[in-house]
Amino acid sequence: MLNRSAVLVRPRQPYIDWAASLDDEGILPSTECGKTIYLVPDYEDDIDAMEILAQCYPIIFEAELEAWHTDEREWPSNRTFAMFRQWFEFEFHSIVEDICADPIIDDSYL
């Protein structure tokens, strides 16, 4: 078991509307296929989980925006925690179990 918890993030309509405003080809993110899981610090209860998300949301928000559009000038400004909660659904998972024999490798450094 890892000393992490996880939060699953899925786009809501405001994110989809933003993405649509950048693409005239009709390609949109999917609320079902566009799920990302982020590892976050362990938490004890729902209140603790929300406090952790309130601290981590800027990183998650930027990762989700960059996944769709890399030009930061096109990103919404003043990204607040309230805005994050409007733009994304999230689901906490308190236990993360690694059942793979291979070591975890962060390929962002390769």
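These legends describe several close-up views of one predicted protein model.

Residues are numbered from 1 along each chain as its sequence is written. In this predicted model, local features need pLDDT of at least 70, side-chain atom pairs count only at pLDDT 80 or more, and totals for chains, interfaces and linings use all residues, while side-chain values use heavy atoms and leave out hydrogens and water.

**View 1. The whole protein holds 3 helices and 3 strands.**
Helices (H or I, at least four residues) and strands (E, at least two) are DSSP runs, numbered from the N terminus. From that end, the elements run β-α-β-α-α-β. Of the 110 residues, 29% are buried. Buried means under 20% relative accessible area, exposed means over 50%, and partly exposed lies in between (1.4 Å probe, protein chains only). The accessible surface comes to about 7600 Å². Carbon and sulfur atoms account for 50% of that surface. Areas come from the Shrake-Rupley method with a 1.4 Å probe; for residues, only the protein chains shown count as cover. A contact means heavy atoms within 4.5 Å. Among contacts between residues at least 6 apart in sequence, 74% join residues at least 24 apart.

**View 2. Helix α2 bends at Cys56.**
Helix α2 spans residues 46-68. The bend is about 55 degrees. This is the angle between axes fitted to the seven residues ending at a position and the seven starting there. A proline, Pro58, follows within four residues of Cys56. Cys56 itself counts as buried, at 19% relative accessibility. At the start of α2, a side-chain oxygen of Asp45 reaches to within 3.2 Å of the backbone nitrogen of Ile47.

**View 3. Several residues of α2 are buried under other elements.**
The buried residues of α2 include Ala49, Ile52, Leu53 and Tyr57. Farther along the helix, Ile60, Phe61, Glu64 and Leu65 are also among them. Which elements cover these residues? The cover includes strands β1 (4-11), β2 (36-41) and β3 (88-93). Helices α1 (13-22) and α3 (81-87) are also part of the cover.

**View 4. Arg10 and Glu89 meet in a salt bridge.**
A salt bridge is a side-chain nitrogen of Lys or Arg within 4 Å of a carboxyl oxygen of Asp or Glu. By this rule the protein has 3 salt bridges. Between Arg10 and Glu89, the N to O distance is 3.3 Å. Arg10 lies in strand β1 and Glu89 in strand β3, so the pair ties together parts that are 79 residues apart in sequence. Arg10 is buried, with a relative accessible area of 13%. Glu89 is partly exposed, at 31%.

**View 5. Arg79 and Glu62 form another salt bridge.**
Their side chains meet at 3.3 Å, N to O. Arg79 lies in the loop between α2 and α3, and Glu62 in helix α2, so this pair ties together parts that are 17 residues apart in sequence. Arg79 is partly exposed, at 25% relative accessibility. Glu62 is partly exposed too, at 36%.

**View 6. Arg73 pairs with Asp71 in a salt bridge.**
The N to O distance here is 2.9 Å. Arg73 is exposed, with a relative accessible area of 74%. Asp71 is partly exposed, at 23%.

**View 7. Cys56 is buried, whereas Cys100 is exposed.**
How many disulfides does the structure hold? The count is 0. A disulfide is a pair of cysteine sulfur atoms within 2.5 Å. Cys100 has a relative accessible area of 55%.

Notes:
Polar contact = N/O pair within 3.5 Å; in protein donor to acceptor, adjacent residues only side chain to side chain.
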